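User: Hey, can you walk me through this protein? I'm new to reading structures.
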Amino acid sequence: MGIERELANLCRRLNKIVPIVSPPELRMHIIQAGMKAPNVTSHWEMIVYVEPREALS
C-alpha cells in the first residue's frame with residue numbers, strides 16, 4: 001500500500017469518528033460601580049466588575 005493511499009484511508013476513518021459540534025456562545029457582562037449585576041444563566045457567561053479609579057493626590 002502506498003503512503004498516499006494509507007493517509008487517505010486514515011483521513012477517511014478520522015472524519016467518521018470526529019464529532020462535529022458547534023462551540024458554545026461565550027458572553028461577558030461588563031458592569032461599573034452602581035450598576036446591577038445581571039443574572040448569569042450558563043457556565044459560559046462572565047461578569048467583569050470595573051472599579052472606579054482612585055483620585056490621584
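Analyst: Sure. This is a predicted model. Along the sequence, the protein runs in the pattern α-β-β.

User: How many helices and strands is that?
Analyst: The protein has 1 helix and 2 strands.

User: What radius of gyration does the protein have, next to a compact globule of 57 residues?
Analyst: The protein has 24 Å. A compact globule of 57 residues would come out near 10 Å.

User: And what does the C-alpha trace span along its principal axes?
Analyst: About 75 × 30 × 10 Å.

User: How much of the protein counts as buried?
Analyst: Of its 57 residues, 4% do.

User: New topic. Which residues gather in the patch of positive charge?
Analyst: Arg5, Arg12, Arg13 and Lys16. The patch lies on the surface.

User: Where does Arg5 sit?
Analyst: Arg5 is in helix 1, which covers residues 3-17.

User: Is Arg5 buried or exposed, and why?
Analyst: Exposed, because its relative accessible area is 57%, and the cut-off for exposed is over 50%.

User: What about Leu10 and Cys11?
Analyst: Leu10 is in helix 1, and so is Cys11. Leu10 is partly exposed, with a relative accessible area of 41%. Cys11 is also partly exposed, at 46%.

User: How far apart are the C-alpha atoms of Leu10 and His29?
Analyst: They are separated by 44 Å, with their positions 19 residues apart along the chain.

User: And Cys11 to Val21 in space?
Analyst: That is 18 Å, C-alpha to C-alpha. In sequence, Cys11 and Val21 are 10 residues apart.

Definitions and conventions: Residues numbered from 1 in each chain as written. Predicted model: local features only at pLDDT ≥ 70, side-chain atom pairs only at ≥ 80, totals over all residues. Heavy atoms only, no water. Patch = residues over 30% accessible without salt bridge, like charges linked within 9 Å, V, L, I, M, F, W, Y side chains within 5 Å. Areas by Shrake-Rupley, 256 points an atom, 1.4 Å probe, with all protein chains shown as cover. Salt bridge = Lys/Arg side-chain N within 4 Å of Asp/Glu carboxyl O. Lys, Arg positive; Asp, Glu negative; His and termini not counted. Charge placed at Lys NZ, Arg CZ, Asp CG, Glu CD. Helix = DSSP H or I, 4+ residues; strand = E, 2+ residues; numbered from the N terminus. Buried < 20%, exposed > 50% of the residue type's maximum accessible area, 1.4 Å probe, protein only. Rg over C-alpha atoms; globule rule 2.2 N^0.38 Å.
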